Amino acid sequence: MSARRIFARPARLAAIAPYLWMVLFFLVPFGFVLKISLSQTAIAQPPYTPVFDFTEGRAALAAFAQLSFDNFKLLISDNLYILSYLRSLVVAVTSTLILLLIGYPIAYGMARLPQRWQAVAMMLVIVPFWTSFLIRIYAWINILQHDGLLNQILLALHIVSAPVVWLSTDSAMYLGIVYSYLPFMILPLYATLSKMDASLLEAAGDLGASPLQAFWLVTFPLSLPGVGAGALLCFIPIVGEFVIPDLLAGSNSLMIGQTLWLEFFTNKDWPVASAAAVALLLLLVPPLVLYDRLQRRQLEAGG
Amino acid sequence: MAHTVTRLTRFNMTSLALGLAFLYLPIVILVIYSFNASRLVTVWGGWSLRWYREFFNDRAMLDAAWMSLSVGAVSATLATLLGTLAAVGLARGERFRGRALFSGMLYSPLVMPEVISGLSLLLLFVALNAERGFWTVTIAHTTLTMCFVTVVVQSRLTVLDRSLEEAAMDLGCDPVRAFLLVTLPLIVPAIVAGWMLAFTLSLDDVVIASFTTGPGSATLPIRIYSEVRLGVKPEINAICTLVIALIAVIIVVASFASKLSSARGESAAPL
C-alpha cells in the first residue's frame, strides 16, 4: 500500500510531458477551431479576419461584441449543411447496424472455436486493422470498377448481360465502410462473448431452452456491453468519415466530412469549415462521453 | 461431451469462414493484379514486375515514400516515448488532479473523426506561424498515435503483477530504479508493439497529413489518394503491394513481441 503510494509520485511526474503535449496539440487546437468558426471570411492568407487578438488584452466584452455567428447561421440556413449532417447520421446508423449484423455471427463463431484456434482467428481479424485503410479501399475499387473482377464474374456467369455500375453508388460506399470497420466491431464483441460463462448456456439448455432461445435469453443480453462498445467504436468515426464516401460514393450527396473538406480545400472558407467542425463535434459529444467511460472502465479494470 | 447449446455449429463455422474471406479476398486480388503485365485490368497479360520497375523510376512517388517512412519513424518514436510515460501515469499514478481530463484527451483521439483532428491542428500551426511540412505532419501523427501506444502499454501495465515492483522497493530500490529494473523490462514487448502500431498508423493516414502538410511535401498516402481519385493505375497496385509487404513484416515482429510479452507475463505470475 505505502509502496504503491511512493511509486505513484514519480509515475504522476512521468505524466507531465504527455499531459502538456496533449493540452497543446489536442485541447488548444479546439480553441482555435472555435475562435475561427466565429470570425469572418476574408480573401487573404490565412483566409479569415481574426476575431480578437489575445495578446492585445482587450476587454472581454468588447471582444465578444465582435464575434460573428454568421457561419453558424449559414450552417442552419443552408440546406447543403443540414442535408450533409442528416446524411452522415443516416449513413453512420445504417452502417453500424449492418456491421452489427455481420460482425456478431463472426465474433460468435470465434468465441466458440477451440482455445488454440481463437488466438489464430483473433490475429486474422486484427491484421486488416494494421493494413492500410486506403489500400483496402483501393482494393475494392479494383474489384468494383466498370471492367473489374466483379462485373467480369457476373458477366461470365450470365447473371447480368451488361456491366453494372458499382462505383459512385451508395452500395459501394456501404460496402467500403463495412469492410473497413468490421474489425472494430468484431473485436469488442469477441471480447465479451469469449469471457461469457459457458455453464450459463448449459444451465439454459438443461432447463429446456432450445439453442435459439438460449441465445436470445442468455447470450445476447449478456453481450450488450460488447455491442455498445463495438457500435460506438464504429459510429463515431463513421459520422465524420471522409475518404470512403469520397472514393466510393457518388458526388450528388455529401457527408459532413466531405462538406468540411470541400469548404476548406476547395472553397478556402476556413471559418465555415471550422463552424462545420464545431457542429460535428457537438453532435459527437454524447457518444464520445459514453465511449470514454466504457474505455476507462475497461482499461482500469484490467480488461 | 459437448453440449448442444455451446457446441461449435456449422453456422458458426460458415459465418467465420465467410467473414475472413470477405476481409482477405480483396487484398489477395490486389496483390495478384500488381504482377499483371497488362495495362488493362480485364486482361491477364501474364506475370511481370513491370509496375514495380515503373514505381522505382517514379521520382515523385519515391520522394513521397521516403517522406512517409521518415515521418512514420520519427513520429512513432516520439509517440512511443510520450505514450509510455502517459500509460505509466495512468496505470501507476493513482488518483491525481486532472486525471479525468488526461484520460479523456488520450482516449478520444482513438475515435475522433480525422477531419476534426486535422483541421484543428492546422489552425494551431497557422496561428503559431509554423512552416508546414515534415515537422507539422510529424507532430500531428505523434499526437494521434501516442494515444494508441498509451492504450497498448496501459493495458499491459494493468495486468502486470504489481508485487514485483513492490518487492524491488522493499529490497531497497527507489521507485525510479524499481521501474527501470523491474517494470520496464516486463513491458518492453508492449512498447515495441506500440511503436509498430504507431508506425503503421502514420504510414496509413491521408486526412490528417493532407491538412497539416505544406506544398511540395506530400506523403505516400496523399499521392496514392490523388492517383486513386483519377482511377485504377497498375503502378498503384504495385506500390500498395509493397506497403502491404512492409506492414506484414511489421505485424510478424509485433506479434512475436506480444507473444514474448504474454510468455513473460505468465512466468512472472507465480512469483
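Helices here are DSSP runs of H or I with at least four residues, and strands are runs of E with at least two. Keep that in hand for the exercises below, and remember that this is a predicted model.

**Exercise 1. Work out how the annotated spans of chain A look in the model.**

Start with the record. An unreviewed UniProt entry places "transmembrane region" at several spans of chain A, among them 12-38 and 148-166.

Next, take residues 148-166 of chain A: what share is helix, and how far apart are the end C-alpha atoms? Helix covers 42% of this span and strand 0%, with the ends 10 Å apart.

Now do the same for residues 12-38 of chain A. There the helix share is 93%, the strand share is 0%, and the end C-alpha atoms are 37 Å apart.

Finally, zoom out. The unreviewed UniProt entry also gives "domain: ABC transmembrane type-1" at residues 85-291 of chain A. That span is 80% helix and 0% strand, and its end C-alpha atoms lie 21 Å apart. For chain A as a whole, the count is 15 helices and two strands.

**Exercise 2. Classify A:Gln298 as buried, exposed or partly exposed, and place it in the chain.**

First, locate the residue: A:Gln298 sits in helix H15 (residues 270-300) of chain A.

Then count neighbours. A residue needs 20 or more other C-beta atoms within 10 Å to be buried, and 12 or fewer to be exposed. A:Gln298 has 17 within 10 Å, so it is partly exposed.

For context, 44% of the 303 residues of chain A count as buried.

As a last step, compare sequence with space: A:Gln298 and A:Pro245 are 53 residues apart along the chain, and their C-alpha atoms are 32 Å apart.

**Exercise 3. Describe the contact between chains A and B.**

Count the residues on each side: chain A gives 90 and chain B gives 80.

Where does the largest share of chain A's side come from? Helix H2 (residues 16-37) of chain A supplies it, with 14 residues.

Split chain A's side by class and you get 66 nonpolar, 13 polar and eleven charged residues.

To see how the predictor rates the assembly, look at its scores: the complex has an ipTM of 0.87 and a pTM of 0.87.

**Exercise 4. Find the residues at the centre of the contacts in the largest nonpolar core.**

The core has 165 residues, and the ones touching the most other members are A:Ala107, A:Ile137, A:Ala276 and B:Leu119. Both domain 1 (7-48) and domain 2 (59-268) of chain B put at least three residues into this core.

Follow one of those residues. Setting aside residues up to four places away in sequence, A:Ala107 touches A:Ile186, A:Leu189, A:Tyr190 and A:Leu193.

That sort of link fits the chain-wide tally: among contacts in chain A between residues at least 6 apart in sequence, 71% join residues at least 24 apart.

**Exercise 5. Take chain B apart, then ask where its confidence drops.**

Split chain B into domain 1 (7-48) and domain 2 (59-268). Their centres, taken over C-alpha atoms, are 30 Å apart. Eight residues of domain 1 of chain B and seven of domain 2 of chain B form the contact.

Now turn to pLDDT. Chain B averages 86, and 92% of its residues score at least 70.

Which elements of chain B have the lowest and the highest mean pLDDT? Helix H11 (residues 234-268) of chain B is lowest at 75, and helix H3 (residues 59-92) of chain B is highest at 95.

Residues 265-271 of chain B stay under 50, and the model gives them eight contacts beyond four places in sequence.

Methods. Residues numbered from 1 in each chain as written. Chains lettered and ligands numbered in written order. Predicted model: local features only at pLDDT ≥ 70, side-chain atom pairs only at ≥ 80, totals over all residues. Contact = placed C-beta atoms within 7 Å. Nonpolar A, V, L, I, M, F, W, Y, C, P; charged D, E, K, R; others polar. UniProt positions renumbered as here; feature names shortened; annotations may be inferred. Domains from an automatic or database assignment. pLDDT = per-residue confidence, 0-100. Core = buried A, V, L, I, M, F, W, Y, C linked by C-beta atoms within 7 Å.
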